[in-house]
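Me: Could you take a close look at the aromatic rings in this structure, and at what lies against them? I am new to it, so please go through them one after another.

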Amino acid sequence: MNALEIKGLRKEYKDFVLDDLELTLPAGAILGLVGENGAGKTTTIQLILDMIPRDGGTVTLFGKENRACFPLGKEDIGVVLDEAGFSGCLTPTDVGKIMRGVFRNWDQAAYDNLLDRFQLPAKKQHKEFSLGMKKKLAIAVALSHNARLLILDEPTSGLDPVARDEVVTLFSEFTRDEDHAILISSHIVSDLEKLCDYIAFLHRGRLLLCEEKDMLGEKFGVVRCSLEDFAKLDRSAVLGKRETPYGVEALLRRENTPAGMELGRVDIEEMFVLMAKEDR
């Protein structure tokens, strides 16, 4: 069963439209959302969580329409948003007591273990926490009520490299259970490259590409050539380009590339930059 299915999802604002989004996240997998600020990542997460009304399409979580999953279905969903939403006067101990009343499956031992692992002071007020400490607390809560799906909006922002590595390891451990899955939005592409099974590129409310991460290098490559050579390429091969003083850098589909043309490897960040520039 798929953990998440999005079909024809649409949300329209005065100056932005999330248009006809289609995504599938199988159980046991991690899907990374990549996109610039304002691309629609947070809007997508809010729609999945039924925090805002949608203008079209469907969202299903483990086979159930998402609007039928909340609030009772919250047990199955662990959430880390850009803002944790905890009152500034609460301590981690207070948060644990509150969550014990919110979640039937609250695991106090797991929560205490994560507080210790993250070196979070149990009696310190949330308003005195750094951004990284706030993120760690939100992650500890998300991982402490036996959720099956984690929905994470920039969960590693504000963390130092050591803490980020530890959190990435925790997320990887979470999906060792084939009934678990993660949707993660992040600007830190290196984290997504370590974690994800699938990568989805959002730009200006449109899905540019969604592929298995390990297939990106097999399907796409980058070429650096003159403007004259670029003009000879089949346009169906070109996903994006940028012009430089030395010519053109272009992202190409390998299957449509002329025989004999050598393509270099391309990483996730470079792929997105080239595709986004093509759309400008």
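Reply: In this predicted model, R148 lies over the face of F62, at 3.7 Å from the ring centre. A second ring with a charge over it is that of Y13, where the charged end of K11 sits 5.2 Å from the ring centre.

Turning from charges over rings to rings beside rings, a search of the whole structure finds 3 aromatic pairs. In one of them, the rings of F103 and W106 have their centres 6.4 Å apart, and because their planes meet at 15°, which is under the 30 degrees used as the limit for stacking, the pair counts as stacked. F103 and W106 are both buried, and ring pairs join these two residues with Y111 into a cluster.

Another pair is made by F201 and F272, whose ring centres are 6.0 Å apart and whose planes stand at 10°, so this pair is stacked. The pair links distant parts of the chain, since F201 belongs to strand β9 (residues 198-203) while F272 belongs to helix α9 (residues 268-278), and the two residues are 71 residues apart. As for their surroundings, F201 is buried, with a relative accessible area of 0%, and F272, at 9% relative accessibility, also counts as buried, because the cut-off for that word is under 20%. The stacked rings of F201 and F272 thus connect a strand with a helix.

Technical notes: Residues are numbered from 1 along each chain as its sequence is written. This is a predicted model: local features need pLDDT of at least 70, side-chain atom pairs count only at pLDDT 80 or more; totals for chains, interfaces and linings use all residues. Side-chain values use heavy atoms; hydrogens and water are left out. Rings of Phe, Tyr and Trp (its six-membered ring) pair if their centres lie within 6.5 Å; planes under 30 degrees apart count as stacked, over 60 as edge-to-face and the rest as tilted. Buried means under 20% relative accessible area, exposed over 50%, partly exposed in between (1.4 Å probe, protein chains only). Helices (H or I, at least four residues) and strands (E, at least two) are DSSP runs, numbered from the N terminus. A charge sits over a ring if NZ of Lys or CZ of Arg is within 6 Å of the ring centre and within 35 degrees of the ring normal.
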